Amino acid sequence: MADGPDGDRPEPQIPDPRPLDAIDRDILQILHTDGRASIRSVAERVHVSRANAYARINRLIDDGVIRGFGARINHERAGQGASAYITLKIVQNTWRTVREHLRALPGASHIALVSGDFDVLLLVHTPDNRALRELVLTRLQSIPEVLSTRTLLVFEEDDMEPDG
């Protein structure tokens, strides 16, 4: 397997997704609202057999349309009372390397390569401002490919996901 343009392994290839029909979109909406919905419940709500619903969900997973299932967490109640968006400027062509460093950070919950005045947007949740300071000044700024950071404290946030 050849290395990518910045020396890292290329991303695994996911097959091109097949077109989604109305039933697939309904299944996605149901699972987006309630990731714990049973196959039986999904099948009944979209008016297909359980076998059909099961096959469709597996196809959506295999095609990479559904990336996974998880819980939406109230970070403050879970002991992660300090949240921040951190912008990073990085060395050109080091995205994959930087992304692997960021994935390993405690409390990192969203990483995006973006355009504009900075290169990466990172959302983190930490127990308190002291832990946030440690994460930024020690962990992030020690990554050789990170040229600069800017921290934006989150005072209040609202989860835009549907209530399940």
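Where does Asn 93 lie? Asn 93 sits in the loop between β1 and α4. The model is predicted. Asn 93 is not a glycine, yet its phi is positive, about 65 degrees. Most residues other than glycine have a negative phi. The relative accessibility of Asn 93 is 53%, so this residue counts as exposed. The cut-off for exposed is over 50%. We will come back to this loop after a look at the whole chain.

The chain has five helices and four strands. Along the sequence they follow the pattern α-α-α-β-α-β-β-α-β. Three helices thus open the pattern, ahead of a strand. Of the 164 residues, 29% count as buried. The accessible surface comes to about 11400 Å². Carbon and sulfur atoms account for 49% of that surface. Now take the contacts between residues at least 6 apart in sequence. Of these, 66% join residues at least 24 apart.

Start with the helices. Two packed helices are described by the angle between their axes and the distance between the axes. Helix α1 spans residues 22-33. The axes of α1 and α3 are 11 Å apart, at an angle of about 80 degrees. Angles of 65 to 115 degrees count as roughly perpendicular, so α1 and α3 are roughly perpendicular to each other. On the α1 side, the contact is made by Ile 23, Asp 24, Ile 27, Leu 28 and Leu 31. Helix α3 supplies Arg 56, Ile 57, Arg 59 and Leu 60. By class, this contact of α1 with α3 holds six nonpolar, no polar and three charged residues.

Helix α3 also meets α2. Here α2 covers residues 39-46 and α3 covers residues 50-62. Their axes come within 8 Å and cross at roughly 105 degrees. The pair α2 and α3 is therefore roughly perpendicular too. Ile 39, Arg 40, Val 42 and Ala 43 of α2 make the contact with Arg 50, Ala 53, Tyr 54 and Ile 57 of α3. In this contact, six residues are nonpolar, none is polar and two are charged. Ile 57 of α3 takes part in the contact with α2 and in the contact with α1.

What lies between α2 and α3? The loop there holds His 47. His 47 is not a glycine, but has a positive phi of about 65 degrees. With a relative accessible area of 71%, His 47 is exposed.

Next comes the sheet. Strands of a sheet pair through backbone hydrogen bonds, either parallel or antiparallel. This sheet is open and has four strands, in the order β2-β3-β1-β4. The pairing is antiparallel. Strands β2 (108-113) and β4 (146-154) are the edges, and each pairs on one side only. On average, neighbouring strands are turned by 20 degrees against each other, direction ignored.

At one edge, β2 and β3 pair over five bridges in the antiparallel sense. Ala 112 stands opposite Leu 121 of β3. The hairpin of β2 and β3 has six residues between the strands. Within the hairpin, Gly 116 takes a positive phi near 120 degrees.

At the other edge, β4 pairs with β1 (residues 82-90). This antiparallel pairing runs over eight bridges. Thr 87 has Arg 150 of β4 as its bridge partner. Thr 151 also lies in β4. How far apart are the C-alpha atoms of Thr 151 and Tyr 85? They are separated by 6.0 Å, although the two residues are 66 apart along the chain. Leaving aside residues up to four places away in sequence, Thr 151 touches Ala 84, Tyr 85, Ile 86, Leu 132 and Val 136. Thr 151 counts as partly exposed, because its relative accessibility is 34%.

Now return to the loop of Asn 93 and follow the chain into α4. Helix α4 (residues 95-103) packs on the sheet. It touches β1, β2 and β3 (120-126). Its direction makes about 170 degrees with that of β2. An angle over 145 degrees counts as roughly antiparallel.

Which residues of α4 are buried? They are Trp 95, Thr 97, Val 98, Arg 99 and Leu 102. These buried residues pack against β1, β2 and β3.

Notes. Residues are numbered from 1 along each chain as its sequence is written. This is a predicted model: local features need pLDDT of at least 70, side-chain atom pairs count only at pLDDT 80 or more; totals for chains, interfaces and linings use all residues. Side-chain values use heavy atoms; hydrogens and water are left out. Axes are lines fitted to C-alpha atoms, for helices over the stretch in contact, and angles run from 0 to 180 degrees between N-to-C directions. Helices (H or I, at least four residues) and strands (E, at least two) are DSSP runs, numbered from the N terminus. Angles under 35 degrees count as roughly parallel, over 145 as roughly antiparallel, 65 to 115 as roughly perpendicular and the rest as oblique. Contact means heavy atoms within 4.5 Å. Ala, Val, Leu, Ile, Met, Phe, Trp, Tyr, Cys and Pro count as nonpolar, Asp, Glu, Lys and Arg as charged, and the others, Gly among them, as polar. Buried means under 20% relative accessible area, exposed over 50%, partly exposed in between (1.4 Å probe, protein chains only). Accessible areas come from the Shrake-Rupley method with a 1.4 Å probe; for residues, only the protein chains shown count as cover. Two strands pair if DSSP finds at least two bridges between them.
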